[in-house]
Amino acid sequence: FLSIKELVYIEQATKIVCQKYENTVKNYDGSFKQNGDDYNNFKKFNTLRNKVISKLEEKLARLI
């Protein structure tokens with residue numbers, strides 16, 4: 001099991017990766033180009049990031 005500290009580091013790392021792909025696939029009008037490898041990579045890392053955030057929520061909920 002990962003600690004809260006480890007989950008925070010992983011979330012920060014996935015955020016950086018997601019931002020890279022988000023900036024790549026975002027059109028000038030702010031919409032997403034929802035095809036191609038960049039968008040698929042964004043979805044993959046964003047899914048991982050959301051899983052990490054869910055684990056953080058679970059750990060924090062146990063503290064309440």
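Biologist: What share of the contacts in the protein chain with a separation of 6 or more comes from residues 24 or more positions apart?

Modeller: Such residues account for 60% of them, a contact being heavy atoms within 4.5 Å. This is a predicted model, where local features need pLDDT of at least 70, side-chain atom pairs count only at pLDDT 80 or more, and totals for chains, interfaces and linings use all residues. Residues are numbered from 1 along each chain as its sequence is written, and side-chain values use heavy atoms, without hydrogens and water.

Biologist: Which helices and strands are in the protein chain?

Modeller: Two helices and zero strands, taken as DSSP runs (H or I, at least four residues; E, at least two) numbered from the N terminus.

Biologist: How do you know that the span of α1 is close to the expected one?

Modeller: Helix α1, residues 4-25, has 22 residues and reaches 31 Å from first to last C-alpha, against 32 Å expected; the rule is 1.5 Å times one less than the number of residues.

Biologist: Why are the buried residues of α1 said to line one face?

Modeller: Leu-7, Glu-11, Thr-14, Cys-18, Tyr-21 and Val-25 are buried, that is, under 20% relative accessible area with a 1.4 Å probe, protein chains only. Seen down the axis, they fall within an arc of 95 degrees, so they line one face; the arc uses directions from the axis to the C-beta atoms. They pack against α2 (37-63).

Biologist: What is on the other side of α1?

Modeller: Lys-5, Tyr-9, Ile-16 and Asn-23 are exposed there, exposed being over 50%.

Biologist: What is the radius of gyration of the protein chain, set against a compact globule?

Modeller: The chain has 14 Å, whereas a compact globule of 64 residues would have near 11 Å, by 2.2 Å times the number of residues to the power 0.38, over C-alpha atoms. The C-alpha trace spans about 45 × 15 × 15 Å along its principal axes.
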